[in-house]
Amino acid sequence: MGGSEGTGEARVKLPQLRLDELLEELQARLDAARGTRDRVHSLLEAVLSVGRELDLEQALHSIVEAAAALVDAQYAALGVIGPDGKRLSAFHTVGVTDEQIAKIGPYPEGHGILGELIRHPEPLRLTKISEHSASYGFPAHHPPMNSFLGVPIRVRDQVFGNLYLTEKRGGVQFDVEDEAVLSTLAVAAGVAIDNARLYEESRLRERWLRATAEITHSLMSGAAQAEVLRLIADLARENTGAVLAVVAMPMEDTESLSVELAIGTEAEAHRGLVLPVEGSLMGHAYSTAAPVTSTDVSADDRVSTFPERFGGLGPAVAVPIGSGADGVRGVVLLVREAGRTVFTAKEIDPLRGFAAQAAIAMELAERRQDAEEIAVLKDRDRIARDLHDLAIQRLFATGMTLQSAGRLIGHAEASERVTRAVDDLDETIKIIRSTIFGLRSREGAEGSGLRARAVRVAGEAAPVLGFAPSIRMEGLVDTDVPREIADDVIAVLSEALTNVARHARADRADVILETDGREVRLTVSDNGVGIPAEGRRSGLRNMTDRAEQFGGELTVDCPARGGTTLVWRVPVGG
């Protein structure tokens, strides 16, 4: 009996043990299934969250946040590969504070492990970053990082960038499942990025279309050219994210460009500058009738170093206003801050189309203005013809009648009055004839303007000086300065530059010609030895006389440190 009972207890315990094991295994599998279900659910939520974003920058940030949450990483980053395909042009991070970023310094460009993923766009999982052959350490103040998981993000079969995850929480390593989940998110991220870019491009096209319509409406409504140029610069700067916009127009000699407008950062240093077509960045765009880019305008050989006007600025593009077939009407230069992305073909193409449409609108506006002028001239011709054929003939006939009647008047005083009336009629006829001549004359053919003449004088002085003087102009110098004063301005400029060449021993001379409608001011400065106290001053006396005859003055400043600044000013209006 005792033996039978012992065997029965063993039989009961053995199935019970197996049942416990089976239950534990089942529970583990249920937990694993629940964990997988939860992770798949989290992945789907992340995919939906990322796909909802249409703003590209916000979409990139959402992708980084979703990646960190999915694989439970302490640090996450998304690096955008630049146009050259070799380095990172943008970096989005999660887990690192702004204070830490400021201490670490500039964002990485894609060396070390990050560069490994750029060169070989395949998933990369590491137990310890420092043990990889491509690793060469972290910069100062960088948080310690060991475990690593990286996957590429492809947009339409092209690698857009990479996701970098480090330091899985809990001290565990990234596993195959983490890699699979992150690779799935990367596919969804590629679709989201593509959608955001398409949306951004459509919005940009819409903005360019609105800008073109605004330019056309402004021109057709009779706005002045200066207002239209400012509108072109404003809209182009806004749509491209530039901080500086400069518009230059060709001068009469077609060998120079005059900066008519500059808005934004360092704008004051550009206004009134005269740039040579040969060898300059904007001149190249003008002569080739094609956009010209610069990765860093502050260090570009095609940009003169004086005056300094590109501090803190970087990528730039010069776009012609018009085309080679229709004639280039000007050039617009757009410049971004240093460190920003260079102008790409996708950005330049709509900008070029906008500039071409602006040129067409300007052409149409000029044609409309020409038609209006022709209508005015025709009307003036009609008035002149009517005055000649009707008014003068009737006055002449009246005068002849009075002259004949005067001979029949016996009263001396009455006869004298009739004679004076005839003389008055003769004078009236002369006045009308002069008016007719004025109506039929074609105004505006007075030759070269002051702006072109000043540039020509500066150019002619270059061989004598041994260098080209810089010249800058502001205001409506061709319109507001009368011809007689303009002649003296040119004479003073020529004499001042000659004096610099003869006596100053300078290697730089700057010319500023400006008017505000009330006075014209010519400033000529150099970095030479100055004017000695015993030196001849006949030239200065001549310049002073020229100023004083118009109620103006000449001032000369020779500071102790050297150099001379001559300012010649004359009133031109009330």
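In this predicted model, helix H10 passes helix H12 in a right-handed crossing. The axes of the two helices come within 10 Å and cross at roughly 15 degrees; since angles under 35 degrees count as roughly parallel, H10 and H12 are therefore roughly parallel to each other. On the side of H10, the contact is made by Leu450, Arg453, Ala454, Val457, Ala458, Ala461, Val464 and Leu465, and these residues meet a set in H12 that includes Arg483, Ala486, Val489, Ile490, Leu493, Leu497 and Val500. By residue class, the contact of H10 with H12 divides into 14 nonpolar, 1 polar and 3 charged residues.

Both helices also contribute to the largest nonpolar core, to which H10 (450–465) and H12 (483–504) each supply at least two residues. This core has 39 residues, and those with the most contacts inside it are Leu513, Val520, Leu522 and Trp568. At least two residues each are likewise supplied by strands S12 (470–474), S13 (509–515), S14 (519–526) and S16 (564–571), as well as by helix H13 (538–548), while H12 gives the most, with 10 residues.

The surroundings of Val520 illustrate the packing in this region: leaving aside residues up to four places away in sequence, Val520 touches Val481, Ile485, Val489, Leu513, Glu514, Thr515, Trp568, Arg569, Val570 and Val572. Apart from the largest core lies another, of 31 residues, among them Trp208, Leu235, Met249 and Ile263. In soluble globular proteins, nonpolar side chains tend to be buried together.

Terms used: Residues numbered from 1 in each chain as written. Predicted model: local features only at pLDDT ≥ 70, side-chain atom pairs only at ≥ 80, totals over all residues. Heavy atoms only, no water. Core = buried A, V, L, I, M, F, W, Y, C linked by side-chain atoms within 4.5 Å. Buried < 20%, exposed > 50% of the residue type's maximum accessible area, 1.4 Å probe, protein only. Helix = DSSP H or I, 4+ residues; strand = E, 2+ residues; numbered from the N terminus. Contact = heavy atoms within 4.5 Å. Axes fitted to C-alpha atoms, helices over the stretch in contact; angles between N-to-C directions. Parallel < 35°, antiparallel > 145°, perpendicular 65-115°, else oblique. Left-handed = near helix turned anticlockwise from the far one by under 90°. Nonpolar A, V, L, I, M, F, W, Y, C, P; charged D, E, K, R; others polar.
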